[in-house]
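Work through the exercises below with the model open. Try each task before reading its solution.

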Amino acid sequence: MSDYVSGLFGLDGKIAMVVGASSGIGAEFARALARAGADVVLGARRADRIEALANEIAEETGKRTLAVALDVTDADSVEAAFDKAEAEMGTVNIVCNNAGLARPNFALADTEEDWDITMDTNLKGMWRVARAAASRMIEAKSGGSIINTASILGLGVAPTQTTYCVSKAGVVQMTKALALEWQRFGVRVNAICPGYFKTEINDKYLDTEQGQKMVALTPAKRVGNLEELVPAMLMLACDASGFTTGVALPVDGAHTVRIL
Ligand SMILES: NC(=O)c1ccc[n+]([C@@H]2O[C@H](COP(=O)([O-])OP(=O)(O)OC[C@H]3O[C@@H](n4cnc5c(N)ncnc54)[C@H](OP(=O)(O)O)[C@@H]3O)[C@@H](O)[C@H]2O)c1
């Protein structure tokens with residue numbers, strides 16, 4: 001890598017936390033952050049998964065890693081995870097706020113519980129994590145970058161995804177509102193809006209005939225590869241992007257711009 005590129009995008013000396021790091025996008029982001037030079041804290045409920053991945057990343061990159069079990073629906077658990085990260089690694093200054101779930105269903109079949117768990121995880125969970133992160137960045141006067149994983153379904157809608165779409169639209173608006181409020185502290189808040197990437201959240205659907213037909217109708221006629229999300233995340237994470245905040249960036253092979 002040229003010195004110029006590593007000077008812009010390198011994350012040496014940074015302490016990153018990925019929430020929702022036990023699979024899919026978050027696992028890919030955790031690997032990428034360490035490869036770019038950051039020490040990495042991995043958070044999720046499945047402790048066995050994040051511990052194994054933390055060890056694998058440390059072995060590959062030589063960076064410090066820490067696995068911290070947390071549940072974004074539990075405010076105490078989120079606070080405790082940031083406390084542990086800070087005590088063992090220092091103030092976290094990059095956060096991939098990525099935990100999420102989807103319960104696709106026709107709106108009339110959705111239950112109160114479907115609505116509540118989706119909002120509590122995807123929207124309020126990201127709100128809990130963003131506030132826990134920013135309060136520590138502000139206290140330490142470190143500044144930082146918070147990257148929320150929203151979705152193209154926070155920008156447009158799709159059938160059977162009412163609760164998910166509403167939660168992700170909330171994440172997009174929250175991203176903009178927090179960016180505005182925390183600009184003066186040097187805390188940037190942006191969102192990535194992925195199109196379809198095959199992970200545990202959607203692999204069963206994408207393997208169905210209906211899922212394959214949907215993918216064939218997208219402009220790219222394929223799902224994204226997880227590595228294709230990484231450059232957008234690193235761009236938002238690095239200090240060279242100091243004037244980029246409040247953005248919701250689609251990474252979707254032009255999925256969202258197509259109207260016909
Ligand atoms: N894949 C896509 O096409 C796509 C598109 C747009 C947006 N997204 C978003 O990308 C994010 C990552 O999803 P993914 O595609 O990588 O799916 P995934 O493989 O199912 O990953 C979801 C992650 O969220 C974590 N999580 C869920 N509930 C949690 C909770 N209560 N507390 C802590 N962690 C929790 C899971 O960990 P544990 O179960 O171990 O807790 C897991 O690490 C989600 O926000 C999703 O909405 C995905």
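The exercises cover the sheet, a helix pair, two phenylalanines and the ligand shell.

This is a predicted model: local features need pLDDT of at least 70, side-chain atom pairs count only at pLDDT 80 or more, and totals for chains, interfaces and linings use all residues. Residues are numbered from 1 along each chain as its sequence is written.

**Exercise 1. The sheet**

Determine the strand order of the sheet and find which strands stand at its edges.

Solution. Start with the elements: helices (H or I, at least four residues) and strands (E, at least two) are DSSP runs, numbered from the N terminus. Two strands pair if DSSP finds at least two bridges between them. Seven strands form an open sheet, ordered E3-E2-E1-E4-E5-E6-E7, with parallel pairing. Strand E3 (65-69) and E7 each have a single partner strand, so they stand at the edges, with one side left without a neighbour in the sheet. From one strand to the next, the twist averages 20 degrees.

Next, add the helices. Angles run from 0 to 180 degrees between N-to-C directions, and axes are lines fitted to C-alpha atoms, for helices over the stretch in contact. Residues are in contact if their C-beta atoms, placed from the backbone, lie within 7 Å. Helix H3 (residues 47-61) packs on the sheet and touches strand E2 (39-44) and E3. The direction of H3 makes about 175 degrees with that of E3. H5 also packs on the sheet, touching strand E1 (15-19), strand E4 (94-97), strand E5 (144-149) and E6. The direction of H5 makes about 175 degrees with that of E5.

**Exercise 2. Strand E7**

How many bridges join strand E6 to E7, and which residues form the covered face of E7?

Solution. Four bridges join E6 (residues 187-194) to E7, and the two run parallel. Ala191 stands opposite Ala248. Pro194 has Val251 as its bridge partner. Now the faces. In a regular strand the side chains alternate between the two faces of the sheet. In E7 (residues 248-251), Ala248 and Pro250 make the covered face, while Leu249 and Val251 make the uncovered one.

**Exercise 3. H4 against H5**

Describe how helix H4 packs with H5.

Solution. Two packed helices are described by the angle between their axes and the distance between the axes. For H4 (residues 75-89) and H5, the angle is about 35 degrees and the axes are 10 Å apart. Ala75, Val78, Glu79, Phe82 and Glu86 of H4 meet Arg128, Val129, Ala132, Ala133 and Arg136 of H5. This contact has six nonpolar, no polar and four charged residues. The classes: Ala, Val, Leu, Ile, Met, Phe, Trp, Tyr, Cys and Pro count as nonpolar, Asp, Glu, Lys and Arg as charged, and the others, Gly among them, as polar.

**Exercise 4. Two phenylalanines**

Is Phe29 buried or exposed? Classify Phe9 as well.

Solution. A residue is buried if 20 or more other C-beta atoms lie within 10 Å of its own, exposed if 12 or fewer, and partly exposed in between; C-beta atoms are placed from the backbone. Phe29 sits in helix H2. Phe29 is buried because it has 29 C-beta neighbours inside 10 Å. Beyond four places in sequence, Phe29 touches Val18, Cys96, Asn98 and Met233. Phe9 lies in helix H1 (residues 3-9). Phe9 has 18 other C-beta atoms within 10 Å, so it is partly exposed.

**Exercise 5. The ligand shell**

Which helix gives the most residues to the shell around the ligand?

Solution. H2 does, with three residues. By class, the shell has 11 nonpolar, 14 polar and five charged residues.

Technical notes. Contact = placed C-beta atoms within 7 Å.
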